[in-house]
Amino acid sequence: MSKITREDALEYHHLKGKPGKIAVVSTKPMDTQRDLGLAYTPGVAAPVLEIEKDPELAYEYTSKGNLVAVISNGTAILGLGDRGALASKPVMEGKGVLFKKFADIDVFDIEVGSHDPDEVIKIVAGISQTFGGINLEDIKAPECFYIEETLKSMLDIPVFHDDQHGTAIIFSAALANVLELIGKKHEEVKMVVCGAGAAGISCAKMAKLWGVRQENITMVDIKGVVYKGRTDGMNKYMEEFAVETDHRTLADAVRGCDVFLGLSAANVLTPDMVKSMASDPVVFALANPDPEISPELAKAARSDIILATGRSDYPNQVNNVLGFPFIFRGALDVRAKAINEEMKLAASQALAALAKEDVPDSVLRAYGLENLKFGRDYIIPKPFDPRVLLWEAPAVAEAAMKTGVARKTIDLDEYREQLAFRLGKGEQVRHFIMDKARASAGVKRIAFAEGEEPKVIRAAYQIQEEGIGTPVLIGRRSVIEEQVNSLSLDYAPQVVDPGDFAGIEKYASAYYELRNRKGLSLHKALSEVKDPNVFAPLMVKMGDADACVSGLTYDYPQVIRPALQIHHTAPGSAHASGVYIMIIDDRVFLFTDATVNIDPTAEDLAEIASLAADFARQLEIEPRVAFLSFSNFGSTPHPLSDKVRKAVKITKALRPDLVVDGEMQADTAVVSEIITERYPFSAVKDANVLVFPSLESANIAYKLLARLGNAKAIGPILLGMGAPVHVLQTGDEVTNIVQIAAVAVMDAMRRAEKK
């Protein structure tokens, strides 16, 4: 994972787009007078009266069943301590984003401005009827125990303090797998828990559920070992784990132990302490961002160690995101009254079992790996494994039904199928492109014409760190180095400066050979090749790069014209064209041509449609191609609609493998009911590849959707080019640059496979 700077974080949260990370959206139409009447008065009275008679109907008529409150008073924010309720809001919004992303659960974040646990309890209890579940977060110990216990006894919906139980569930799953690997049993091992806060105590309790004996657990906090008779810094929750022992320090406790669990502070575990542990020592150094011992030091101390951290840049990441979204998903879907110990154990067992399954290619690509299998460096599933939802949520739901806390009984096989639909095709496409690029293991070289631009440098850093490709920055070396320093990036990029490039004469000669019959002299060629938009595609031509990207500070023609002069169009293509991937909720559309061909002929449109359809198949989307116009199947004869109708005929003749129809209006293309009711003869219903009659119409459509329709646009993606040359939009953000670079890598990989 690339380093996240302060500027990155602030830009993400505020500087671009809406401030914050969450929003409320309507799930029902609100376009007509009738819609208004149904949503509010008089229609809303009907569900009000029904819920009064049967409160359970709130799950049927409101969002309660998919709504979780994420609540904090800001007394223990991450590792930052007590920063106040308001300061916790970015974290709570972040939690909401993860709920939505990984489990499609809606969240209201609620920050309670009180340090009084009884007042917090009163407030949460008072608003609880709004929600299907309560997730407590970043509340300091020991108050967090009291607040959770009291609310659980008062409420008939799940109350879950994730700092405790989320960590415990993930840790215990990983521990079970580690012990299996090294041939030790839960009831035999000796475990040291460093950190006697909420997470440490909960992890110890969960370890007991798995079979670790209480007398074999030694807890240590900042004041030393938690032993019987100790009074300094103790509370009733720590007392449960006070042991009869002469040990007083962490060094005493870890000597001869099998498992170290750290939930404390950086660098408290020394190499000498690791050396004193039993054979095959297991170290969970989960302090973030800096663990109790660095992995490098730990492995240098013991070659037989198995290590886990809370960080994503080392193997075996113990991350709560593997727990809370899926635990609540399962609990909500059976309308559970609580999250009990059996449900937590079921979640932990599901995660442990999943780690032993064959790892899908999408996970390997996401982490830039050739292979991954159950073993010392893979003891717990990866957070981006899409199967976690399909394993953990059903396990939790099943445990809830078996233990009698579920209000609703569901068929588990049908439930798994429903969960699969929640993964969402739109986000799958975004991840597909990134994963596909990562499959190149970073070997594809991407030349960036605008290598001096800070956004390009930041994007290049991410691209390299995430294994998408190897960026090559074109520009003045001194300027790029200065920018890297000013951005505080630990990055030594590959830089090519046309001003001192050793092969400049060779490049000029090649460019001259390409353009000498277009009025270009060798002297002029030597000057023009230093233009970054000429130099970058020449790098690809000369084999010094696999793809190139430009356009952040240039207009399209300034990028496309020299690229076409150098590479021309692909064999069999008369024209290049541009396509945008438009992701609207869970629907994915390809808009073409929105970038290159201003007024295409019917023959041009047929080629543009074929290129877009082929690209859809690269994305593993089966294309349904609609040619758009202001007319529906001849309803408005006009030379413009005639052109589109002719394009349909040409395409059908040339590409019988494609599902194609038109001409049709835009709403006809995307609203299947219109086709069913009015044009049942159409070969295309619910189109996903939309061919616009002109660049003007396509450009207007995608920009309006992106700005006003909350659509996510990926593009422009150039098709039909003779080489992997791709164009940015002026002012693109770093994320967009990374995405286009991934598309460029994917393009280069496809061409290499063809060769």
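# Exercises on a predicted model

Pro716 lies in strand β20. Strands are DSSP runs of E with at least two residues, helices are runs of H or I with at least four, and both are numbered from the N terminus. The model is predicted, so local features need pLDDT of at least 70 and side-chain atom pairs count only at pLDDT 80 or more, while totals for chains, interfaces and linings use all residues. Residues are numbered from 1 along each chain as its sequence is written, and side-chain values use heavy atoms, with hydrogens and water left out.

## Exercise 1: backbone geometry

Describe the peptide bond between Gly715 and Pro716, and that from Gly662 to Glu663.

Solution. Step one: the bond joining Gly715 and Pro716 is cis, and its omega is about 5°. Step two: the bond from Gly662 to Glu663 is also cis, with omega near -5°. Glu663 belongs to strand β18 (residues 659-664).

Which sign does phi take at Asp104, and at Asn267?

Solution. Step one: Asp104 is not a glycine, and its phi is positive, near 55°. The residue sits in the loop between α5 and β2 (106-111). Step two: Asn267, likewise not a glycine, has a positive phi near 65°. Asn267 sits in the loop between β8 (259-262) and α12 (271-275). Step three: Asp104 is partly exposed because its relative accessible area is 23%, and Asn267 is exposed because its relative accessibility is 58%. The cut-offs are under 20% for buried, over 50% for exposed and in between for partly exposed, with a 1.4 Å probe and protein chains only.

## Exercise 2: two buried residues

Place Val334 in the chain and list its contacts.

Solution. Step one: Val334 falls in the loop between α14 (324-333) and α15 (341-354). Step two: Val334 counts as buried because its relative accessibility is 0%. Step three: leaving out residues up to four places away in sequence, Val334 touches Ala397, Ala400, Met401, Ala406, Arg407, Lys408 and Ile410. A contact requires heavy atoms within 4.5 Å.

Where does Met434 lie, and which residues does Met434 touch?

Solution. Step one: Met434 is part of helix α19 (residues 425-438). Step two: the relative accessible area of Met434 is 12%, so the residue is buried. Step three: its contacts, again without residues up to four places away in sequence, are Glu466, Ile468, Val738, Gln739 and Ala742. Step four: Thr409 is 25 residues from Met434 along the chain, and their C-alpha atoms are 39 Å apart.

## Exercise 3: helix crossings

Characterise the crossing of α5 with α14.

Solution. Step one: the axes of α5 (residues 89-103) and α14 come within 9 Å and cross at roughly 65°. Axes are lines fitted to C-alpha atoms, for helices over the stretch in contact, and angles run from 0 to 180 degrees between N-to-C directions. Step two: the crossing is right-handed. Right-handed means that the near helix is turned clockwise from the far one by less than a right angle, and left-handed anticlockwise. Step three: Lys95, Leu98, Phe99, Phe102 and Ala103 of α5 meet Phe324, Pro325, Phe326, Phe328 and Arg329 of α14. Step four: these contact residues divide into eight nonpolar, no polar and two charged. Ala, Val, Leu, Ile, Met, Phe, Trp, Tyr, Cys and Pro count as nonpolar, Asp, Glu, Lys and Arg as charged, and the others, Gly among them, as polar.

Do the corresponding analysis for α24 and α25.

Solution. Step one: α24 (residues 532-541) and α25 (residues 556-567) have axes that come within 9 Å and cross at roughly 35°. Step two: α24 passes α25 in a right-handed crossing. Step three: α24 contributes Asn533, Val534, Pro537, Leu538, Val540 and Lys541, and α25 contributes Gln558, Val559, Pro562, Ala563, Ile566 and His567. Step four: the contact has eight nonpolar, three polar and one charged residue.

## Exercise 4: the cavity

How many cavities of 30 Å³ or more does the structure hold, and what lines the largest cavity?

Solution. Step one: a search of the whole structure finds one. A cavity is a set of points, on a 1 Å grid over the protein atoms alone, where a 1.4 Å probe fits but cannot get out, and lining residues have an atom within 4 Å of a point. Step two: the largest cavity holds about 50 Å³. Volume is the space filled by probe spheres set on the points, which are joined across faces, edges and corners. Step three: the lining consists of Asn533, Ala536, Pro537, Cys548, Val549, Ser550, Val559, Ala563, Val725 and His726. Step four: α24, β14 (547-550), α25 and β21 (725-727) each supply at least two of the lining residues. Step five: the lining has seven nonpolar, three polar and no charged residues.

Key:
1 Å grid on protein atoms, 1.4 Å probe; cavity = no way out; pocket = protein on both sides within 12 Å on 5 of 7 lines; lining within 4 Å.
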